[in-house]
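Below are my notes on the structure, set out as numbered points. They cover ring pairs and some of the helices.

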Amino acid sequence: MRKIKHILFYLVAVGGLLLLTIYITQIGVQLEPKNAQNQLLLPDNNSFSGFIKIINDNLESPISHFLMQLIIIVFSTRIFGFIFKKLGQPSVVGEILAGIVLGPSLLGMAFPAYLNYIFPLKAMDELHLFSRLGIILFMFVVGMELNWDEVKKHARDAIVISHAGIVFPFALGVIGSLLFYTPLAPPTIAFLPFALFMGIAMSITAFPVLASILRERKMAKSPLGTLSITCAAIDDVTAWCLFAVVIAFATATSALSAIFIIGLAIAYVLFMFNVVKPLLAKYYQSAARYYRYGINPLTISLTVLLLSAFTTKLIGIHSLFGAFLAGVVMPSPTMFRNYVSERTEHLSVILLLPIFFVYSGLRTQVGLINTPSLWLMFGLILVIAISGKLIGSAFTARYLGQSWGNSFRIGVLMNTRGLMELVVINLGYEMGILGPEIFTMMVLMALVTTLMTGPLLNLVDRVAKKDVADPANIPDPEPVLPEFLAEKVEEVGIS
């Protein structure tokens, strides 16, 4: 009986309204002027060629073209990332390589028509904006992943190793600038910002990629893994602070304005730590106690992120520094940070970061390195980057009492540059500090130094056999409580 009632209602309601619509349209036809034309009845649109024209017009619309680009970008980066992960490499290596393959270095060189149609110059502005948004979210997550309790626990050795891993490559990068400046620097850039930038670019460690490698090798909870992650975290904080100084010198019109920018940046950092961080901690503590995490805490977190990125952009030290700082000052409970990072990281990693990889690949032109002297300079950049970072960190770790095996493992891990290097050199390119040739060399350097991490770690493991009695290889004891209970205890402050 109920089924019959449904059928009767459907016939009366839907059928009646359909008949009424047909009747109204017949009346409306009588209102048309005599010279009116029905576009649906034009001869061209009745033919198959008219249908094809409609499809082509729809395909050429900006939103259709952008969606087509997104499909190609997401599909290709995920495929390359999956393949390289199966090969024992970080997926970011494959994603960077996918961007290079889709750009003018490979497919664009073989099929110029493809590049002009899929990624024309007029589409670069849209890709740039979306890639920048992806990097802002990514830097926010990187800031939240810094564990200050672990940093404090291993700060003494980690600060020495990390800063040695910055000073050595920084000094070599500045010295190398004497060779690179005349043939490779843009004619409008002064030597000082170019040299400082080369020093910073040589000093970067990819904290997120390093953490991923340690997790995959089940080293994250060992003292060696913890020390390496702490070194990378301190490296990131120090490098981004130095990079803010470099940006101040690069964008300032005088030495006085550069000092003013740096002073404002220091004041803003103090404001974030001494005002914003305590306020956020109080708010999220009450939010967790009364109605747990919901849309409001997430909204406030993203608002702080955007305001911080906007403020640092106004100051003159770039929006990415503000995004990183916003992540650092987020409240410390692990459960909360996981809640926020999971909801921002997925969008960034799956959709927006692939746009950044391809956008970087479209700027990378391997064909520009077309002479023996340019390839020699690339080789020199590679030697400076590897020797400064790997050897500087390894020998410092050995000096502090680590075994030779663990010292070189730390050096290899600190030499991992990955996505963080790509972010820095893209900023240098946008600011006019890097020209297209040296930009391409730096992209290839980031790719090579990340690609070599896994094989070098395997080599060190074979040469210096892991000794279970070595305290650096004994993992920390597992917590007695399950993870979710331990996080809850930490959140409410029960000791």
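1. The model is predicted. I start with the ring of tyrosine 181, which is partly exposed at a relative accessibility of 25%. Its partner, phenylalanine 191, is also classed as partly exposed, with 32%. Both values lie between the 20% limit for buried and the 50% limit for exposed.

2. The ring centres of tyrosine 181 and phenylalanine 191 are 5.3 Å apart, and the planes make an angle of 85°; the pair is therefore edge-to-face, since angles over 60 degrees are classed that way. Tyrosine 181 belongs to helix 10 (residues 155-184) and phenylalanine 191 to helix 11 (residues 191-203), with the two positions ten residues apart in numbering. A third ring joins them: Tyr181, Phe191 and Phe194 make up one aromatic cluster.

3. How many aromatic pairs does the structure hold? The count is eleven. Another of them is phenylalanine 66 with phenylalanine 130, whose centres are 4.9 Å apart and whose planes stand at 35°, so this pair is tilted. It connects distant parts of the chain, from helix 4 (residues 62-86) to helix 8 (residues 124-145), across 64 residues.

4. Is phenylalanine 66 buried or exposed? Its relative accessible area is 14%, so phenylalanine 66 is buried, the limit being under 20%. Phenylalanine 130, at 34%, is partly exposed.

5. Helix 4 also packs against helix 5 (residues 91-102): the two axes come within 7 Å and cross at roughly 135°. The two helices are therefore oblique to each other, because an angle has to be over 145 degrees to count as roughly antiparallel. The crossing is right-handed. On the helix 4 side the contact includes Ile72, Phe80 and Phe84, and on the helix 5 side Val93, Leu97 and Val101 are among the residues involved.

6. Helix 20 spans residues 418-430, which is 13 residues. From first to last C-alpha it reaches 19 Å, close to the 18 Å expected at 1.5 Å a residue. Helix 20 is mostly covered, with eleven of the 13 residues buried. The buried set runs from Gly418 to Gly428 and includes Glu421 and Asn426 alongside Leu419, Leu422 and Ile425.

7. What follows helix 20? The residue to look at is glycine 432, which has a positive phi, near 80°.

How values were computed:
Residues numbered from 1 in each chain as written. Predicted model: local features only at pLDDT ≥ 70, side-chain atom pairs only at ≥ 80, totals over all residues. Heavy atoms only, no water. Phe/Tyr/Trp six-rings, centres within 6.5 Å; stacked < 30°, edge-to-face > 60°. Helix = DSSP H or I, 4+ residues; strand = E, 2+ residues; numbered from the N terminus. Buried < 20%, exposed > 50% of the residue type's maximum accessible area, 1.4 Å probe, protein only. Expected span 1.5 Å × (residues − 1). Axes fitted to C-alpha atoms, helices over the stretch in contact; angles between N-to-C directions. Parallel < 35°, antiparallel > 145°, perpendicular 65-115°, else oblique. Left-handed = near helix turned anticlockwise from the far one by under 90°. Contact = heavy atoms within 4.5 Å.
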